[in-house]
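I opened my notebook to look up a few things in this structure, one entry at a time. Here is what I wrote down.

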Amino acid sequence: TEKIRVTIPQGVKEGSKVRVAGKGEPGLNGGKPGDLFLIIHLKEHPFLKREGDDLLMEVPVTVGEAVAGGTINIPTVDGQVKLKVPPGSQSGQTLRLKGKGAINIKTKQRGNLMAKLIVKVPETDDKEILETAKKLDGFYGKDVRSSIRI
(Lines give C-alpha, C1' and ligand atoms only; values in the text may rest on other atoms or scores of the structure.)
Protein backbone atom coordinates (compact mmCIF):
# COMPACT_ATOMS: atom_id res chain seq x y z
CA THR A 1 0.00 0.00 0.00
CA GLU A 2 1.01 3.56 -0.59
CA LYS A 3 -0.35 6.83 0.72
CA ILE A 4 -0.87 9.51 -1.89
CA ARG A 5 -2.03 13.08 -1.62
CA VAL A 6 -4.81 14.07 -4.03
CA THR A 7 -6.20 17.54 -4.65
CA ILE A 8 -9.94 17.44 -5.27
CA PRO A 9 -10.92 20.35 -7.56
CA GLN A 10 -13.53 22.85 -6.38
CA GLY A 11 -16.98 22.27 -7.77
CA VAL A 12 -16.86 18.48 -8.17
CA LYS A 13 -20.26 16.83 -8.04
CA GLU A 14 -21.46 13.56 -6.58
CA GLY A 15 -20.12 10.68 -8.69
CA SER A 16 -17.42 12.78 -10.41
CA LYS A 17 -14.23 10.95 -11.35
CA VAL A 18 -10.80 12.32 -10.49
CA ARG A 19 -7.82 10.82 -12.34
CA VAL A 20 -4.47 10.34 -10.60
CA ALA A 21 -1.92 9.71 -13.35
CA GLY A 22 0.54 6.84 -12.88
CA LYS A 23 -0.91 5.53 -9.62
CA GLY A 24 -2.89 2.60 -11.05
CA GLU A 25 -1.90 -1.05 -11.59
CA PRO A 26 1.54 -1.79 -13.06
CA GLY A 27 1.63 -2.27 -16.83
CA LEU A 28 2.13 -5.64 -18.53
CA ASN A 29 5.68 -6.99 -18.85
CA GLY A 30 7.16 -4.22 -16.69
CA GLY A 31 5.26 -1.43 -18.46
CA LYS A 32 4.53 1.84 -16.72
CA PRO A 33 1.62 1.92 -14.28
CA GLY A 34 -1.85 3.01 -15.37
CA ASP A 35 -4.00 5.70 -13.82
CA LEU A 36 -5.99 5.57 -10.60
CA PHE A 37 -9.56 6.85 -10.85
CA LEU A 38 -11.32 8.09 -7.73
CA ILE A 39 -15.11 8.31 -7.67
CA ILE A 40 -16.20 11.23 -5.49
CA HIS A 41 -18.95 10.80 -2.90
CA LEU A 42 -20.03 14.00 -1.17
CA LYS A 43 -21.07 14.14 2.46
CA GLU A 44 -24.41 15.89 2.98
CA HIS A 45 -24.08 19.41 4.38
CA PRO A 46 -26.32 20.32 7.35
CA PHE A 47 -27.45 23.67 5.82
CA LEU A 48 -26.61 23.69 2.11
CA LYS A 49 -28.08 21.62 -0.70
CA ARG A 50 -26.75 21.66 -4.25
CA GLU A 51 -28.86 21.82 -7.41
CA GLY A 52 -26.60 22.02 -10.44
CA ASP A 53 -24.24 24.90 -9.70
CA ASP A 54 -26.69 26.61 -7.33
CA LEU A 55 -26.56 26.19 -3.56
CA LEU A 56 -29.83 26.25 -1.60
CA MET A 57 -30.06 27.38 2.00
CA GLU A 58 -32.91 28.00 4.43
CA VAL A 59 -32.43 31.27 6.32
CA PRO A 60 -34.47 31.96 9.46
CA VAL A 61 -35.79 35.53 9.82
CA THR A 62 -37.82 37.19 12.54
CA VAL A 63 -41.39 38.44 12.04
CA GLY A 64 -40.05 42.01 12.28
CA GLU A 65 -37.40 41.40 9.59
CA ALA A 66 -40.04 39.86 7.30
CA VAL A 67 -42.62 42.63 7.80
CA ALA A 68 -40.37 45.71 7.88
CA GLY A 69 -37.39 44.40 5.90
CA GLY A 70 -33.79 44.75 6.94
CA THR A 71 -30.25 43.60 6.33
CA ILE A 72 -29.07 40.34 7.88
CA ASN A 73 -25.73 38.52 7.86
CA ILE A 74 -25.65 35.01 6.43
CA PRO A 75 -22.75 32.58 6.00
CA THR A 76 -21.60 31.57 2.51
CA VAL A 77 -18.75 29.39 1.28
CA ASP A 78 -16.76 32.64 0.91
CA GLY A 79 -17.59 33.96 4.40
CA GLN A 80 -20.30 36.21 5.81
CA VAL A 81 -22.33 38.41 3.45
CA LYS A 82 -25.13 40.90 3.99
CA LEU A 83 -28.54 39.91 2.62
CA LYS A 84 -31.20 42.55 2.11
CA VAL A 85 -34.61 41.24 3.20
CA PRO A 86 -37.30 43.27 1.39
CA PRO A 87 -40.26 44.63 3.41
CA GLY A 88 -43.28 42.33 3.23
CA SER A 89 -41.19 39.18 2.70
CA GLN A 90 -43.08 35.92 3.04
CA SER A 91 -41.98 32.63 4.57
CA GLY A 92 -40.79 30.41 1.73
CA GLN A 93 -39.77 33.35 -0.47
CA THR A 94 -36.39 32.77 -2.12
CA LEU A 95 -33.76 35.47 -2.60
CA ARG A 96 -30.84 35.03 -5.01
CA LEU A 97 -27.24 35.94 -4.24
CA LYS A 98 -25.63 35.96 -7.66
CA GLY A 99 -22.26 34.22 -7.98
CA LYS A 100 -22.23 32.80 -4.44
CA GLY A 101 -22.91 29.18 -5.44
CA ALA A 102 -20.70 26.28 -6.51
CA ILE A 103 -18.02 26.58 -9.17
CA ASN A 104 -18.69 24.88 -12.51
CA ILE A 105 -15.57 22.82 -13.29
CA LYS A 106 -15.87 23.33 -17.05
CA THR A 107 -16.82 27.02 -17.29
CA LYS A 108 -15.18 28.19 -14.01
CA GLN A 109 -18.37 30.26 -13.48
CA ARG A 110 -20.14 30.22 -10.12
CA GLY A 111 -23.77 29.40 -9.59
CA ASN A 112 -26.03 31.31 -7.21
CA LEU A 113 -26.85 30.96 -3.54
CA MET A 114 -30.61 30.68 -3.20
CA ALA A 115 -31.66 31.83 0.27
CA LYS A 116 -35.14 30.60 1.21
CA LEU A 117 -36.59 32.78 3.96
CA ILE A 118 -38.22 30.94 6.86
CA VAL A 119 -40.17 33.27 9.16
CA LYS A 120 -39.69 32.18 12.76
CA VAL A 121 -42.44 33.03 15.22
CA PRO A 122 -41.50 33.55 18.89
CA GLU A 123 -42.52 30.72 21.21
CA THR A 124 -43.93 32.52 24.21
CA ASP A 125 -46.83 32.87 26.62
CA ASP A 126 -46.16 36.58 27.16
CA LYS A 127 -49.55 38.37 27.12
CA GLU A 128 -48.19 41.52 25.46
CA ILE A 129 -46.72 39.54 22.56
CA LEU A 130 -49.92 37.50 22.13
CA GLU A 131 -52.02 40.70 22.08
CA THR A 132 -49.64 42.24 19.53
CA ALA A 133 -49.97 39.14 17.36
CA LYS A 134 -53.78 39.39 17.45
CA LYS A 135 -53.50 43.07 16.53
CA LEU A 136 -51.23 42.12 13.62
CA ASP A 137 -53.96 39.73 12.35
CA GLY A 138 -56.16 42.78 11.73
CA PHE A 139 -53.80 43.98 8.98
CA TYR A 140 -54.55 41.10 6.60
CA GLY A 141 -56.80 42.35 3.78
CA LYS A 142 -58.66 39.06 3.50
CA ASP A 143 -58.76 35.53 4.86
CA VAL A 144 -55.26 34.12 4.23
CA ARG A 145 -56.80 30.71 3.44
CA SER A 146 -59.47 31.97 1.02
CA SER A 147 -57.65 30.61 -2.05
CA ILE A 148 -57.40 27.03 -0.71
CA ARG A 149 -59.79 24.72 -2.57
CA ILE A 150 -60.17 20.94 -2.65
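**Entry 1: the second largest pocket**

I started with strand β3 (residues 48-51), which gives the lining of the second largest pocket its largest share, three residues. I should say straight away that I am working with a predicted model. I then looked up the volume and found about 530 Å³ of space in the second largest pocket. Its lining has 20 residues, and V12, L42, R50, L55 and A102 are the closest to the centre. Next I sorted the lining of the second largest pocket by class, and I noted seven nonpolar, five polar and eight charged residues.

**Entry 2: R50 again**

I had just met R50 close to the centre of that pocket, and I found R50 again in a salt bridge with D53. Their closest N and O atoms are 3.5 Å apart. I asked myself: is D53 buried or exposed? D53 is buried, because its relative accessible area is 19% and buried means under 20%. R50 has a relative accessible area of 30%, so I wrote it down as partly exposed.

**Entry 3: the largest pocket**

Then I turned to the largest pocket, which holds about 700 Å³ of space. I found 20 residues in the lining, with V63, V67, V119, L136 and Y140 nearest the centre. Which helices each supply at least two residues of this lining? I noted α1 (63-68) and α2 (127-137). The largest share comes from α2, with six residues. By class, I listed twelve nonpolar, seven polar and one charged residues for the lining of the largest pocket.

**Entry 4: more salt bridges**

How many salt bridges are there by the rule used here? The count comes to four, and I looked up two more besides the one in my second entry.

I began with E2 and K23, whose closest N and O atoms are 2.9 Å apart. E2 sits in the segment before β1 (17-20), while K23 sits in the loop between β1 and β2 (36-39), so this salt bridge ties together parts that are 21 residues apart in sequence. I also checked the accessibility of both partners. E2 is exposed, with a relative accessible area of 56%, and K23 is partly exposed, at 36%.

Next I looked up R19 and D35, which form a salt bridge with their closest N and O atoms 2.8 Å apart. I placed R19 in strand β1 and D35 in the loop between β1 and β2, and this pair links distant parts of the chain, 16 residues apart. Why is R19 called exposed? Its relative accessible area is 52%, and exposed means over 50%. D35 counts as partly exposed, at 34% relative accessibility.

**Entry 5: a glycine in a loop**

My last stop was G99, which I found in the loop between β7 (94-97) and β8 (113-120). Which residues does G99 touch, not counting those up to four places away in sequence? I wrote down R110, G111 and N112. I then looked at G99 and N112 as a pair: they are 13 residues apart along the chain, and their C-alpha atoms are separated by 4.8 Å. G99 has a relative accessible area of 28%, so I marked this glycine as partly exposed.

Methods: Residues numbered from 1 in each chain as written. Predicted model: local features only at pLDDT ≥ 70, side-chain atom pairs only at ≥ 80, totals over all residues. Heavy atoms only, no water. 1 Å grid on protein atoms, 1.4 Å probe; cavity = no way out; pocket = protein on both sides within 12 Å on 5 of 7 lines; lining within 4 Å. Points joined across faces, edges and corners; volume = space filled by probe spheres on them. Helix = DSSP H or I, 4+ residues; strand = E, 2+ residues; numbered from the N terminus. Nonpolar A, V, L, I, M, F, W, Y, C, P; charged D, E, K, R; others polar. Buried < 20%, exposed > 50% of the residue type's maximum accessible area, 1.4 Å probe, protein only. Contact = heavy atoms within 4.5 Å. Salt bridge = Lys/Arg side-chain N within 4 Å of Asp/Glu carboxyl O.
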